[in-house]
Amino acid sequence: MIEQLKKLGMTELESRCYITLHEEPDLTGYEVAKRVAVSRANVYAALRSLTEKGACRSMEGETVRYNAVPIEELVRLFQSQFEQTSKALIKELKTPPRPAPAFYNWQGNKGLDLAIQRVIANTEQVIVLEIWAEDLSWVGESLLEAEKRGVTVVLISIGETDIALEHVIVRQLEDQWHTNERKFSVLCDSKTVFIGSFGGTLKPSSVETDHPAIIEMLKNNFYHDLIMQQIEHDFASDLHHRYGENYTKLLKYYIHEKGWKV
């Protein structure tokens with residue numbers, strides 16, 4: 001029981017005095033000291049402290065006598081004090097705002113390679129990577145190692161690939177989709193994003209960011225790809241008949257007839 005009272009903020013001597021008064025009320029300080037076998041000076045100090053904490057009450061008279069405040073009332077008092085203190089602390093010590101999202105630029109093979117390897121090595125749950133098949137050798141080993149340690153790796157390969165990952169989505173692009181720049185994107189644990197490109201007139205480059213808008217954009221693109229892959233699997237012949245191979249009829253309508261040359 002003493003240990004429980006100590007958890008409420010009493011010292012060991014205060015706990016012993018409180019239990020003594022709880023068992024036998026209306027005792028003088030001298031009588032309490034005899035029962036706990038501690039000097040009167042220390043007991044009187046403990047009784048004063050208990051009174052200040054609201055755990056003990058005194059009755060003035062020819063000799064001051066002490067009573068323990070009932071434990072139910074005392075516990076409710078401590079609960080109320082704890083709630084008030086908690087509210088004050090929460091108000092005064094609010095969690096500081098997260099730092100503003102940052103954008104880091106990486107250029108050149110070496111710097112970009114090290115940055116991507118660092119993020120992949122620290123991924124704990126899921127990696128979603130979209131990259132051209134011809135550039136996959138640049139990061140393939142790191143993806144295989146991540147999958148071996150239990151990370152879910154989802155690869156969206158632009159072009160055929162024979163990489164031995166469990167989850168591979170292959171996208172075939174026709175000439176009208178091609179550009180000089182071969183873009184890639186990496187999303188790790190929905191926390192960190194790399195977006196960059198190879199080829200063309202620019203040397204390999206990428207932006208690393210934790211900006212939530214960019215993260216949500218890649219996540220939306222990923223789910224869009226999953227949905228379209230399933231739709232194309234289930235309704236391939238209907239889609240080909242209505243919209244043409246690789247949606248050429250649909251693209252022609254928006255690009256040439258509506259003039260949406262984005």
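Q: Which residues does Ile127 touch, not counting residues up to four places away in sequence?
A: This is a predicted model in which local features need pLDDT of at least 70 and side-chain atom pairs count only at pLDDT 80 or more, while totals for chains, interfaces and linings use all residues. Residues are numbered from 1 along each chain as its sequence is written, and side-chain values use heavy atoms, with hydrogens and water left out. With contact meaning heavy atoms within 4.5 Å, Ile127 touches Ile120, Leu143, Ala146, Val151, Thr152, Val153, Val154, Val186, Leu187 and Cys188.

Q: Which element gives the largest share of the largest nonpolar core?
A: A nonpolar core is a set of buried Ala, Val, Leu, Ile, Met, Phe, Trp, Tyr and Cys residues joined through side-chain atoms within 4.5 Å, where buried means under 20% relative accessible area with a 1.4 Å probe, protein chains only. The largest such core has 23 residues, and Ile127 is among those with the most contacts inside it. Helices are DSSP runs of H or I with at least four residues, and strands are runs of E with at least two, numbered from the N terminus. The largest share of this core, 5 residues, comes from α6.

Q: What is the radius of gyration of the protein chain?
A: The C-alpha atoms fill a box of roughly 105 × 40 × 30 Å along the principal axes. The globule rule, 2.2 Å times the number of residues to the power 0.38, gives 18 Å for 262 residues, and the chain is well over this, so it is more spread out than a compact globule. Taken over C-alpha atoms, the radius of gyration is 36 Å.

Conventions:
Buried < 20%, exposed > 50% of the residue type's maximum accessible area, 1.4 Å probe, protein only.
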